[in-house]
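Biologist: Before we discuss any details, please put the sequence and the model on screen. I will ask short questions and would like the reasoning with each answer.

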Amino acid sequence: MLNKQQLTHFKTLLQTELANTSKQLQQNNHFGLHEDESIYNYTGELSAYDNHPADTGTELFEREKDLAIDKHYKDEEVEIKEALAAIDNGTYGKCKVCSSEIPIERLEALPTALTCAQHSPHQVISDYRPVEEDIRNADVEVNHDNENVGFDEEDSWQSVAKWGNSDGPSDFFDPPEHYDQMYLNSNENISYVEDIENSIGVDMDGKNIQIFPTTQLKEYEEDLDEEGVMTTFGDLKEFEQEPYVED
């Protein structure tokens, strides 16, 4: 049990922290969040229509940061008040879950602690991931119509740009045939570099290798059969040797 002197010590610490936290909120005016301030008033702009998307994104990031910091101060204020209330009702220093005594070292490090380390509510690690990571974790799908073995983040630009951008035929040295291809690298292979790579697929871990009977693979095999070799640079030796990369 904490003696009277120790309780007075922790109460003083908590009251000081509460005063500092309240002062921070007042000085920052809750970052303007209590005034129903729009992003236009926050940035001093009349409109965001003519702003570059990166500028608007920066302002949005700063506003999200304000929200997070404001919430942190509010949560800290609530925790301090709960700890002070525990001192007043005589339960401070005991775990509110198992009623065991909280070590004095833990209280010195975290005066707002109302539980022992084993029952701390902050032990749970969130498994939440941003929605944009879904495409990274998606399984490779086979599309037999266009012989495309999948879609990854490298293809994101083409996927978005094909819905429209500011480019037109006059922006290209060699304009594409179709207007829906008016973006850079519109003729680039999706999810593979060389055409022959379209015949091979693996899962997200680089395992479960699969071979797909594409037109490019058939032509490649016919060329090898015609030359009577195993690869385009000759037959493979029984074991790896340096001459593979030399003339």
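**Cysteines, core and charges**

Biologist: Is Cys 116 buried or exposed?

Modeller: Cys 116 has a relative accessible area of 5%. Under 20% is buried, over 50% is exposed and the range in between is partly exposed, using a 1.4 Å probe and protein chains only. Cys 116 is therefore buried.

Biologist: Which pLDDT must side-chain atom pairs have to count?

Modeller: Residues are numbered from 1 along each chain as its sequence is written, and side-chain values use heavy atoms, with hydrogens and water left out. This is a predicted model, where totals for chains, interfaces and linings use all residues, local features need pLDDT of at least 70, and side-chain atom pairs count only at pLDDT 80 or more.

Biologist: How many disulfides does the structure hold?

Modeller: A disulfide requires a pair of cysteine sulfur atoms within 2.5 Å. The closest cysteine sulfur to that of Cys 116 belongs to Cys 95, at 3.7 Å, which is too far for a bond. For Cys 95, which is buried at 2% relative accessibility, the closest cysteine sulfur is in Cys 98 at 3.6 Å, again too far. The number of disulfides is zero.

Biologist: Which helix supplies the largest share of the largest nonpolar core?

Modeller: A nonpolar core is a set of buried Ala, Val, Leu, Ile, Met, Phe, Trp, Tyr and Cys residues joined through side-chain atoms within 4.5 Å. The largest one has 14 residues, with Leu 14, Tyr 92 and Leu 107 making the most contacts inside it. Helices α1 (4–27) and α3 (53–89) each supply at least two of its residues; helices are DSSP runs of H or I with at least four residues, strands are E runs of at least two, and both are numbered from the N terminus. The largest share, five residues, comes from α3.

Biologist: Which proline does Leu 14 touch?

Modeller: Contact means heavy atoms within 4.5 Å. Residues up to four places away in sequence are not counted, and the partners of Leu 14 include Ile 80, Ala 83, Leu 84, Ile 87 and Tyr 92. The proline that Leu 14 touches is Pro 111.

Biologist: Is the ring pair of Phe 10 and Tyr 92 stacked, edge-to-face or tilted?

Modeller: Rings of Phe, Tyr and Trp (its six-membered ring) pair if their centres lie within 6.5 Å; planes under 30 degrees apart are stacked, over 60 edge-to-face, and the rest tilted. Phe 10 is in helix α1 and Tyr 92 is in the loop between α3 and α4 (104–109), 82 residues apart, and both are buried. Their ring centres are 5.8 Å apart and the planes are at 50 degrees, so the pair is tilted.

Biologist: How far apart are the closest N and O atoms in the salt bridge of Lys 11 with Asp 88?

Modeller: A salt bridge is a side-chain nitrogen of Lys or Arg within 4 Å of a carboxyl oxygen of Asp or Glu, and the structure holds five. Lys 11, in helix α1, and Asp 88, in helix α3, are 77 residues apart in the chain. Lys 11 is partly exposed at 31% and Asp 88 is exposed at 58%. The closest N and O atoms of this salt bridge are separated by 3.6 Å.

Biologist: Which residue forms a salt bridge with Asp 66?

Modeller: Asp 66 is buried at 9% relative accessibility, and its partner is buried at 10%. The two are three residues apart in helix α3, about one helical turn. With the closest N and O atoms 3.5 Å apart, the partner is Arg 63.

Biologist: Which opposite-charge side chain is nearest to Glu 77?

Modeller: Glu 77 lies in helix α3 and touches Leu 18, Thr 21, Ser 22 and Leu 25, not counting residues up to four places away in sequence. Lys and Arg count as positive and Asp and Glu as negative, while His and the chain ends are not counted. Glu 77 is buried yet has no salt bridge. At 4.3 Å, the nearest side chain of opposite charge is that of Lys 81.

Biologist: What is phi of Ser 99?

Modeller: Most residues other than glycine have a negative phi. Ser 99, in the loop between α3 and α4, is exposed with a relative accessible area of 53%. Its phi is positive, near 65 degrees.
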